[in-house]
Amino acid sequence: MADIRNIVILTGAGVSAESGIDTFRGGGGLWEQHRVEDVATPEAFARDPDLVLRFYDMRRAAIQEKEPNRAHAALARLDAEWPGDLLIVTQNVDDLHERAGARRVLHMHGTHLNAWCTACDARSRWTGPLIDRPPCPACGARALRPDVVWFGEMPYEMERIYGALRAADLFVSIGTSGAVYPAAGFVREARELGTQTLELNLERSQGSAWFDETRLGPAGELVPAWVDEMLG
């Protein structure tokens, strides 16, 4: 990989799992004993906003008690020391990449620690509950919702992501299932551009066949070893 200068890294739930944050889907299509359709769609929010807000309030509180793991720390080191362009595109809505020290991070699915005002479109840092309908810090309207991308909504900053992919020499996918689009399609985009591709995952993903190389194991072991290789 001596010719590598620009890197795009996609991270998924497998990166945060070793910090104690559950992966999105468990057995039977449940997410912490809730059907995804009941807590992670615009329709669910319209139907039962209290259920959705209470669910995300619990998630927001829980992630603030978690700590970055070795994979987060290794990616933060790469971010700090890599001389070329680098973009960590994460599907995760926790802030563990940032707390580990990474700066070149894009949250394509939003973040638990922001609230979005549907009245004025402002996004505000938010660490407390939303269930009591607090006022928007920007406009005062009681129209805040979690700033996370639900099923049926468009992920954030897709133009920036595709631009980074077009300029990349290496695309790395870490801890993702390869099942959720559009992120699952990034490897195909990279391959069509002639970009080198690498998968680091606990098990083979649905898109493993598209990668030039797949390495299997825990993110806390694979990611630091790979970063050591890249930084020499």
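Which residues of the largest nonpolar core touch the most other members? In this predicted model, the best-connected ones are Ile-7, Ile-9, Val-172, Val-223 and Trp-226, out of 25 residues in that core. Several elements chip in: β1 (7–11), α5 (70–81), β4 (86–90), β9 (170–174), β10 (196–201) and α9 (219–231) each give at least two residues. Helix α9 supplies the largest share, with six residues. As a general backdrop, nonpolar side chains in soluble globular proteins tend to be buried together.

Val-172 makes a handy vantage point on this core. Setting aside neighbours within four places in sequence, Val-172 is in contact with Ile-7, Val-8, Ile-9 and Leu-10, and also with Leu-198, Leu-200 and Trp-226. Apart from this core there is another one, made up of 18 residues, and its members include Val-39, Ala-44, Phe-45 and Phe-55.

Now for a sheet. Three strands line up in the order β7-β6-β8 to form an open sheet with antiparallel pairing. On the edges sit β7 (123–125) and β8 (144–148), each of which pairs on one side only. From one strand to the next, the twist averages 45 degrees. The antiparallel match between β6 (residues 110–117) and β7 runs over three bridges, and Ala-115 has Ser-124 of β7 as its bridge partner. A helix joins the picture here: α4 (residues 49–63) packs on the sheet and touches β6 and β8. The direction of α4 makes about 135 degrees with that of β6.

Note on methods: Residues numbered from 1 in each chain as written. Predicted model: local features only at pLDDT ≥ 70, side-chain atom pairs only at ≥ 80, totals over all residues. Heavy atoms only, no water. Core = buried A, V, L, I, M, F, W, Y, C linked by side-chain atoms within 4.5 Å. Buried < 20%, exposed > 50% of the residue type's maximum accessible area, 1.4 Å probe, protein only. Helix = DSSP H or I, 4+ residues; strand = E, 2+ residues; numbered from the N terminus. Contact = heavy atoms within 4.5 Å. Pairing = 2+ DSSP bridges. Axes fitted to C-alpha atoms, helices over the stretch in contact; angles between N-to-C directions.
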